[in-house]
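Open the model in your viewer and keep the selection tool at hand. Each stop below names what to pick and what to look for.

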Amino acid sequence: MLRERLTLQDVGLRIRRDEQRGYISLESDRFLLEPAVERAARSTAEALDVASVPVLTYLANEIAVEPTPEREESPSRSGRSAIPYSTITGIEPLLSTDHIVIYASPDPAGIAQWMRASAFGVLKPGGILLNEWAAEDLKAEVGDRISLTYYMTGSFGRLETRHVSLVLNAVVPFDPVTDDPGWTPEYPGVTDADSIADWDPPFPVNLAKVLDRDEEYWRRRRATPKAFVTLEDAQRLWTQDADRFGRLTAFRCYSSNDLSLSRLADRFEEELLDRVSPAAMGLRFEPVRQQALSAGAGSTDFGMLFVSFSFFLILSAAMLVALLFRLGVQRRSSEVGLLLAVGWAPRRVMGLLLREGAVPAVVGGVLGLFGAFGFAWVMLAGLRSSWSDAVRTDALHVYVSGASMVAGFASSIAVAMLAIAWALSGLTRRPVRALMAGAAAATENTAGTRRSCLEPISSTNVAPVFNRWNTRTANPCHTSRDRSLASPTVVAILALAVAAASLVLPRMTERMSESVGFFCCGAAMLVAALAGIARLMRSPARRVLHQPGIWAAPRLGLRNLPRHPGRSLLTIGLVASATFLITAIEAFRIDPQAPSVERTSGTGGFSLLAESVVPLTFDLNTPEGRDALGLADESPDLLEDVAFITFRLREGDQTSCLNLYKPTNPRILGATEAMIDRGGFSFASTSAESPEERENPWNLLERSFEDGAIPVIGDEAAVKWQLHLGLGRDLTITDERGRDVVLRFVALLQGSVLQGELVIAERRFEALFPSQSGYAFYLIDAPPDRADEAARYLERRLESFGFDVTSTALRLADYAAVQNTYLSTFQTLGGLGLVLGTFGLAAVLLRNVWERRGELALMRAVGFSTASLGWMVLIENAALVALGLAAGLVPAAVAVAPHLAQRAQTIPWVSLGGTIMAVWIVGVAAGAVALIPALRTPLLPALRTE
């Protein structure tokens, strides 16, 4: 639809008809025809089979004849030194007289006059033609060297004066072809002026050089060229940014006998519009709704991250459910034995217990749904208030979908029932007599043994019990247990293999991301750690405890750890899961301290960064540039030793963590040669191959790829989490002309202030976004003691340009605050895991102390004090917590090792150590709180029942 309704005026093009000279001229409001338009115009002329002439007209400040001895000695050759402000046209030279008609008018007399002159037939590369007015004014003759002086735009928009020397090939007379002001397209402020004195060009004009005869020429012939050169020379001299802006000012087509000029103009416009893409001219439909929905989906699925981190919490909850249900069933072992004794089938008993367990599981699942809603509400409330650094908005509300609620409820019931089934496994296969006697607890988790190695103490077995406390080697049950020692070892080895693969595969293949590798490695290492502890618990004691003293009771407590290995492992697993989650997340936390000013830091050695709404075309590093911006008239010493590195900027979506939405049109910076040569910043990874690229990875921006991909550098965090790409991966964007362009990541910055932008080389930026002139992004290297003052000064003086200066330290702190805030939300899961671990510890300790009342009473009877018994049980509990900490710390350290190895920022050891200590204190405190009422229970009644 857009193509059907598109007109040339819509894209800034026009077709000018010259009825007198018999041609049409395609021209642009932008003065130069864009490359896509030029290609379309050439193909249109070929399709219509008409003669065409590409044209490039430029303005020379001066045309002069270079002095020679012969010229100086001849009075007749003494002419004007230079002609100011003259247009010069570049056209393709004629190869034969057959082409003369291309430049001729329909008037036969004009054609004959042109053929008699045939001057264009002798125009050669490196040569020039002067019209008869200019040649007479300069007293120039064929063979003289003609000097042209003209302006070219340099860096920062500076006008640079350049010179070229050409040989005069011929002098052309005025005729309908050469006497044509139409060679010069319309240029507001110049071609529409009545005199040269009325010009309003974007460059300085020295009117003192303009004589009356120059004004007379302008009044009579306007912008008629005074000289002609080959199109090749014109483009070489005056179109240094041809790919960016174009290389023609007009494209002429001449009518033929069977095609009138008006018909030619209509057909040319129709054919041209069919061949030029509206997108190439900056006109295209944008799927706004689709883009909004895509961006609204977010760059990273934090729901999956929560589920992934919740895996350890779910595992802890499942273990706690299994532990509590198993303890409850063990207290009802006599009831189970009675049911079996009266004829109930084991499967029926199992079904009965599972149905009993399903009732609290369903109730818990329903309560969990309300708890999930409450937890989500609290999290969003935190993100709207104290955690607002992560989202920077208060437009956050709880969204509940029926599918997610059903899935969560069903999965929680399934996990609970599996845990209950595991807790009941093997219970009904035990001897009925043992169950009715309440021996389930004594035989629990013996891993293949026929009876407990540490059965409850009674008055009839006190000696054997103390003997087994001292050495378990005499107990025959260890023989049967040792036959299964290989099982934990095999599990540990397999888990370690999985962990190693999870560390290596993300670096060898793109099929596994680092986040998936982290979770797989962490889970595998947790399994390996627990399997190692299980293997340790099954190992017999090597030394006999026979020396009394203050450490005798604590050592007895340590020997009691394998008393119920299943309970101990569950308790250790609870603490380990919480410890792993809290420690791993804490290791990812960024220390918000002031960053380093070294070039290899995240600031790149810059103190400030700035953006301007209006791009600046002046060099802030030069006195001329500062003076042009009014920065030299006030406190000039303030900017001494302050250096500016400039970037071109194409506005778009932020790729940093400050953007909640998925970036579909990323911000792109064009790095100047000054930035590439300077280097700086820390790199997480590069594709450098040569020593120069390894020393300064910014040189990778100059690399060329055979498939035309453009090298790009981005921040690792943004590339991985916002764009979901990596080193060597491609990102497709749309340039200003509607073309799909492939950007290939050749290096990834590490924790930099450039997290919100992608960086390409300036020359490639100009080719992709030709209309983006000037520089709008700055990295400023200022002395730290004057950085704040310089920032305030620049903002005040450049306020009219929308110049906004920010500290690089504050920018990095903003990025760190976002990451740390999200980590804090994830760490709440670790806190919930710690709560579960605390309940598990308390449950295990209370159960153990209750079962050992007779044993503790006997020890009191033989002389142990209450303090000694409390110390013994507390050490046992503290050992479980310590093993849980170790089982969580080691996997966490291994899982985050790749992350720590790639980052130079300081690890928050203080907060990490404080967190670990807090976990240990909470665990020990939970044991102590559970121990107090247990020790206050009268022990003598328990002894009397033995």
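**Stop 1: a buried charged pair**

Select D18: its relative accessibility is 9%, so D18 counts as buried (buried is under 20% relative accessible area, exposed over 50%, partly exposed in between, with a 1.4 Å probe and protein chains only). Add R21, which counts as buried because its relative accessibility is 12%. The two side chains meet in a salt bridge at 3.1 Å, N to O. The term salt bridge stands for a side-chain nitrogen of Lys or Arg within 4 Å of a carboxyl oxygen of Asp or Glu.

Before moving on, note the ground rules. This is a predicted model, where local features need pLDDT of at least 70, side-chain atom pairs count only at pLDDT 80 or more, and totals for chains, interfaces and linings use all residues. Residues are numbered from 1 along each chain as its sequence is written, and side-chain values use heavy atoms, leaving out hydrogens and water.

**Stop 2: the whole chain**

Zoom out. The chain has 32 helices and 19 strands; these are DSSP runs, helices being H or I with at least four residues and strands E with at least two, numbered from the N terminus. Of its 946 residues, 50% count as buried. Now look at contacts, meaning heavy atoms within 4.5 Å. Among those with a separation of 6 or more, 78% join residues 24 or more positions apart. The exposed area is about 43,800 Å², and carbon and sulfur atoms supply 58% of it. Areas come from the Shrake-Rupley method with a 1.4 Å probe; for residues, only the protein chains shown count as cover.

**Stop 3: more salt bridges**

The whole structure holds 29 salt bridges. Select R14, R16, E27 and D29: salt bridges link them in a network.

Next, pick R221 and D179. Their side chains meet at 3.3 Å, N to O, in a salt bridge. This pair links distant parts of the chain, 42 residues apart: R221 sits in helix α6, D179 in the loop between β7 and α6. R221 is buried at 14% relative accessible area, whereas D179 is partly exposed at 23%.

Then go to R667 and E651, a salt bridge of 2.9 Å, N to O. Here both residues lie in the loop between β11 (643-650) and β12 (668-671), 16 residues apart. R667 is buried at 4%; E651 is partly exposed at 47%.

**Stop 4: a buried arginine with no salt bridge**

Select R678 in helix α23 (residues 673-678). Which side chain of opposite charge is nearest to R678? It is D781, 4.4 Å away; R678 is buried yet has no salt bridge. Beyond its neighbours within four places in sequence, R678 contacts R599, G604, G605, F606, I645 and D781.

**Stop 5: a covered helix**

Show helix α7 (residues 231-238). Six of its eight residues are buried: L231, D233, A234, Q235, L237 and W238. They pack against several strands, among them β3 (51-65), β4 (83-91) and β8 (227-230).

**Stop 6: two buried nonpolar residues**

Pick V712 in strand β14 (residues 710-715). Its relative accessible area is 0%, so V712 is buried. Setting aside neighbours within four places in sequence, its contacts include L743, F745, V746 and I760.

Move to L561, in the loop between α20 (552-559) and α21 (565-588). L561 is buried at 11%. Measure across to A879: the two are 318 residues apart in sequence but 8.0 Å apart in space, C-alpha to C-alpha.

**Stop 7: the surface**

Select L338, V342, V432 and M436. They make a nonpolar surface patch of about 330 Å². Patches take residues with over 30% relative accessible area and no salt bridge; like charges are joined within 9 Å, nonpolar side chains (Val, Leu, Ile, Met, Phe, Trp, Tyr) within 5 Å. V342 is exposed at 56%, in the loop between α12 (333-341) and α13 (346-384).

**Stop 8: unusual backbone angles**

Most residues other than glycine have a negative phi. Select D49: its phi is positive, about 55°, although D49 is not a glycine. D49 is exposed at 70%, in the loop between α2 (35-48) and β3. Finish on R222, another non-glycine residue with a positive phi of about 55°. R222 lies in the loop between α6 and β8 and is partly exposed at 27%.

Note on methods
Lys, Arg positive; Asp, Glu negative; His and termini not counted.
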